Amino acid sequence: TGDRATQAWAYADMTLEQAQQQCASDIEARAAQSRVQGVVLQGHRFETDRESVDRYGLIGSAMGAGVTYPAGGIPFHCTQVSDETAKRVRLDATQFQALIQAVATLLVQTADNEDTLLTLAETAVDIDAVRAIDIDAAWP
């Protein structure tokens with residue numbers, strides 16, 4: 001009489017390696033989101049998904065190889081930022097170069113931030129150091 005059963009819980013945390021792998025996976029997912037956020041040029045958001053970036057690269061490569069940019073510009077699909085309507089906009093050579101610069105800046109800043117955060121995760125000495133990494137900071 002009077003005996004009571006009690007249950008004790010033991011919490012097993014993940015290993016440092018598991019924490020690093022989870023953190024790296026989260027960083028890579030956040031970088032993927034950053035890469036496809038698009039860039040804004042003259043009130044229009046241009047896509048930065050793989051297909052769009054490939055298209056920009058092909059046109060830029062052709063220009064670099066001496067192909068003359070069309071005098072009437074090239075139409076690109078985009079979204080009017082003010083009202084979120086899809087449209088086509090013709091960009092002249094100067095505008096296209098500005099678009100390419102904006103895309104390159106986004107991709108380089110994303111890659112730099114991803115590399116910095118992955119290095120922090122890889123070199124963390126304990127789980128608390130992994131948890132202290134702010135994977136939402138510094139994205140373009």
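Biologist: Which residues are buried in helix 2?

Modeller: This is a predicted model, in which local features need pLDDT of at least 70 and side-chain atom pairs count only at pLDDT 80 or more, while totals for chains, interfaces and linings use all residues. Residues are numbered from 1 along each chain as its sequence is written, and side-chain values use heavy atoms, with hydrogens and water left out. Helices (H or I, at least four residues) and strands (E, at least two) are DSSP runs numbered from the N terminus. With buried meaning under 20% relative accessible area, exposed over 50% and partly exposed in between (1.4 Å probe, protein chains only), the buried residues in helix 2 are Ser52, Tyr56 and Ile59.

Biologist: What arc do they cover around the axis of helix 2?

Modeller: An α-helix has 3.6 residues a turn, so residues three or four places apart point the same way. The arc is taken from the directions from the helix axis to the C-beta atoms. Ser52, Tyr56 and Ile59 are on the same side of helix 2, because their arc is only 65 degrees.

Biologist: What do the buried residues of helix 2 pack against?

Modeller: Contact means heavy atoms within 4.5 Å. The partners are strand 2 (44-46), strand 3 (74-80) and helix 3 (93-123).

Biologist: How far apart are the end C-alpha atoms of helix 2?

Modeller: The expected span is 1.5 Å times one less than the number of residues. For the 15 residues of helix 2 (residues 50-64) this gives 21 Å. The model agrees, with the end C-alpha atoms separated by 20 Å.

Biologist: Which strands stand at the edges of the sheet?

Modeller: Two strands pair if DSSP finds at least two bridges between them. Four strands form an open antiparallel sheet in the order 1-2-3-4. A single partner strand leaves one side without a neighbour in the sheet, so the edges are strand 1 (39-41) and strand 4 (85-91).

Biologist: Which residue in strand 4 is the bridge partner of Ile74?

Modeller: Strand 3 and strand 4 run antiparallel and are joined by seven bridges. In strand 4, Ile74 is bridged to Leu91.

Biologist: At what angle does helix 3 run to strand 1?

Modeller: Axes are lines fitted to C-alpha atoms, for helices over the stretch in contact, and angles run from 0 to 180 degrees between N-to-C directions. Helix 3 lies across strand 1, strand 2, strand 3 and strand 4, and its angle to strand 1 is about 155 degrees.

Biologist: What is the relative accessible area of Pro70?

Modeller: Pro70 sits in the loop between helix 2 and strand 3. Pro70 is classed as partly exposed, because its relative accessible area is 40%.
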